[in-house]
Amino acid sequence: MSDSKQPMFFKSQAEGPSEHFTRRSKLHRLHEIMHVAMQYDLFSDMTPVKMRRMFEALGPSFVKAGQILSMRSEILPQEYCDELAKLRADASPMPFQTVLDTLGHEFGRPIGELFDSIDPTPLGSASLAQVHKATLLDGSVVAVKVQRPGVREMMAQDIDIMRSIVRFVRRVSGANQFIDLEGVVQELWDSFRAETDFLNEAQNLLDFRAFSENYAYMTCPRPRMELCTSHVVTMDYIDGISIAHPEQLTAAGYDLEEIGTKLVDNYASQVLDAGFFHADPHPGNIIISGGKIVLIDLGLMGRLSPRVRNLMKDMIFAVAARDSHKLMDGLLRLTDARRMSPSETSSLLEQLDRIISEYGTVDLRDLDIAEFTNSLVHLCSRFNLEVPSSVTMVARGLVTLEGVLDEFLPDANMIEIIRDHITRSTSFRGKAKEEAASLGAESLHALHSTLSLLSEANEATRMLTRGELKANVEIVGSQNPISQLSAVIDRLVMALIVVGLYVGSSIVYYAGMKPLVFGIPIIGFMGYIVAFALSVWIVIDIFVQNHRLKKANAQN
């Protein structure tokens, strides 16, 4: 991170917490952790409720860790996961003078030069930050989110301690089950980096407002960038009704089913169309104001690549069609799985058959998303398939949203809305655009792999001509191996040309060059036509050559 106010203990984004804590401070914090753990009988009589209360007592780092663990039923029993899902980062308010001191330190100016007034009673107080209503000098009403002093240092130190404990236990026990816990700690570190730099949240607000321009019913607060720092974010104040109060919404004339339908449909759009979604859509983060759904607290947003989005859609349709083979193909591509043995593939397919037979026949209104998601997570863990963290974030968001609908908006059915959204949004043009992007990315990868293969072949040829490479080759059933090798090379060259045309045409497509034919730049359109024609020619040539070879073998 390049923020000049960043504490010195931060490393690069790829790394974890630094070791720059003093030994004394770490030992003191470790003593506090053990003292709280003993108070809640960690090693003798731990129950789900006690574990949740213990995490709350240990502070924001452990609250966040508990929220992550709530979706990891392969680590904890389901009853513990259900209880940890109730964790919310509420906290006692910090003194108003501390808020004023923090604002003065952040802006380096008297508060009176920036704000006309600040309400001393907080709108909300969490373990990470506190929000106050304020009025600017121009009369605008805003919400000011102020980070608690020292929370970064404390959370980073806690994560560092967690990492050390997990590594120590794994080293002593020699067991592999702690790999998953290391993943939890890493995910905690990633979310910590995102949530404790409030400039990220300010940018997320800008990006989400741009996304919401296409939806008249969806928005988020507008950030005041001139009053945002890494520890403070200032945004427009939103006066509305939380969806946690459905009776108030009904009294105000709102249709709960309409709210639920639009909320889920838009969330499907965030995840599957834009690949930019709210990672924690709990009731406190969803407000209805002026006939619009307003999402707040955008500190942690998820992002999905076009490839992952397309795979997720394919998997959803595979479950609906009860197609185990297609579901397995999507799952293996999603997890970038290694090549599996035939026995492993057969076993995975058998388990997917069981999942589909259990959930594929359930009416959509009766489908338990949390249970279905946990089944897939358990299966991936059993076969050592690593699910991308962005996908687990989607799963947590969907489970949270499902809980919102069940408790506050029971007339809306989440799965049916998502299925209808995918069916409705998968138009020919939209599908073609997504496939072009996916094809471009995969073709580029294939092109690099092919060029790498040719480079290695060239090096092998050099070694052969220098006498440094020896090869024992036995060719059976061929009278003219050189001519066959030449034909293979010709096809390989033609395939490279086809891939190059597809990639180049896709780049031109997204560049939006004019003139256009059917909405596609004419140069890109011609590239697609030529690439398609060459592809057909290669396929026909392969069939013709195979037919001739079979005929020749039959005559012999």
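1. In this predicted model, arginine 193 and aspartate 190 both belong to helix α7, which spans residues 178–195, and they stand three residues apart, about one turn of the helix. Their side chains form a salt bridge in which the closest N and O atoms are 3.2 Å apart. The two partners fall into separate exposure classes: arginine 193 is buried, because its relative accessible area of 13% is under 20%, whereas aspartate 190, at 29% relative accessibility, counts as partly exposed.

2. A second intrahelical pair is found in helix α13 (residues 342–359), where arginine 354 and glutamate 358 lie four residues apart, again described as about one turn of the helix. The side chains of arginine 354 and glutamate 358 meet in a salt bridge with an N to O distance of 3.4 Å. Arginine 354 is partly exposed, with a relative accessible area of 39%, and glutamate 358 is likewise partly exposed, at 36%. Elsewhere, salt bridges that share partners join Arg52, Glu56, Glu83 and Lys86 into one network.

3. Within that network, lysine 86 forms a salt bridge with glutamate 83, and the closest N and O atoms of the pair are 3.2 Å apart. Lysine 86 is exposed, since its relative accessible area of 54% is over 50%, while glutamate 83 counts as buried at 9% relative accessibility. Side chains of opposite charge can pair when their charged atoms come close. For the model as a whole, the count comes to 20 salt bridges, with a side-chain nitrogen of Lys or Arg required to lie within 4 Å of a carboxyl oxygen of Asp or Glu.

4. The packing of α2 (48–58) against helix α3 (residues 60–69) is described by an angle of about 145° and by axes that are 7 Å apart. On the α2 side the contact is made by Phe55, Glu56 and Leu58, and on the α3 side by Phe62, Val63, Ala65, Gly66 and Leu69. By class, this contact has six nonpolar residues, one polar residue and one charged residue. Glu56 thus deserves a second look, because Glu56 takes part in the contact of α2 with α3 and is also a member of the salt-bridge network with Arg52, Glu83 and Lys86.

5. On the surface, a nonpolar patch of about 640 Å² is made by Leu27, Leu30, Met34, Met38, Leu42, Phe43 and Ile165. Helix α1 (residues 23–39) supplies the largest share of this patch, namely four residues. Leucine 42 sits in the loop between α1 and α2, and its relative accessible area of 31% makes it partly exposed. That value should be read with care, because patches are made of residues with over 30% relative accessible area, and leucine 42 stands at 31%.

6. Valine 264, in helix α10 (residues 256–274), offers a contrasting environment. Valine 264 is buried, with a relative accessible area of 1%. Leaving aside residues up to four places away in sequence, valine 264 touches Leu401, Leu405, Met414, Ile417 and Ile418. Valine 264 and leucine 398 are 134 residues apart in sequence, yet their C-alpha atoms are 9.1 Å apart in space.

7. Two backbone positions merit inspection. Most residues other than glycine have a negative phi. Aspartate 297, although not a glycine, has a positive phi of about 55°; aspartate 297 lies in the loop between β10 (292–295) and β11 (301–303) and counts as partly exposed at 32% relative accessibility. Asparagine 384 also has a positive phi of about 55° without being a glycine; asparagine 384 is placed in the loop between α14 (369–382) and α15 (389–408) and is exposed, with a relative accessible area of 64%.

8. As to the overall fold, the protein chain contains 19 helices and 13 strands. Of its 556 residues, 43% count as buried. Among contacts between residues at least 6 apart in sequence, 66% join residues at least 24 apart. The chain exposes about 29700 Å², of which carbon and sulfur atoms supply 57%.

Definitions and conventions. Residues are numbered from 1 along each chain as its sequence is written. This is a predicted model: local features need pLDDT of at least 70, side-chain atom pairs count only at pLDDT 80 or more; totals for chains, interfaces and linings use all residues. Side-chain values use heavy atoms; hydrogens and water are left out. Patches are made of residues with over 30% relative accessible area and no salt bridge: like charges are joined within 9 Å, nonpolar side chains (Val, Leu, Ile, Met, Phe, Trp, Tyr) within 5 Å. Accessible areas come from the Shrake-Rupley method with a 1.4 Å probe; for residues, only the protein chains shown count as cover. Helices (H or I, at least four residues) and strands (E, at least two) are DSSP runs, numbered from the N terminus. Buried means under 20% relative accessible area, exposed over 50%, partly exposed in between (1.4 Å probe, protein chains only). Axes are lines fitted to C-alpha atoms, for helices over the stretch in contact, and angles run from 0 to 180 degrees between N-to-C directions. Contact means heavy atoms within 4.5 Å. Ala, Val, Leu, Ile, Met, Phe, Trp, Tyr, Cys and Pro count as nonpolar, Asp, Glu, Lys and Arg as charged, and the others, Gly among them, as polar.
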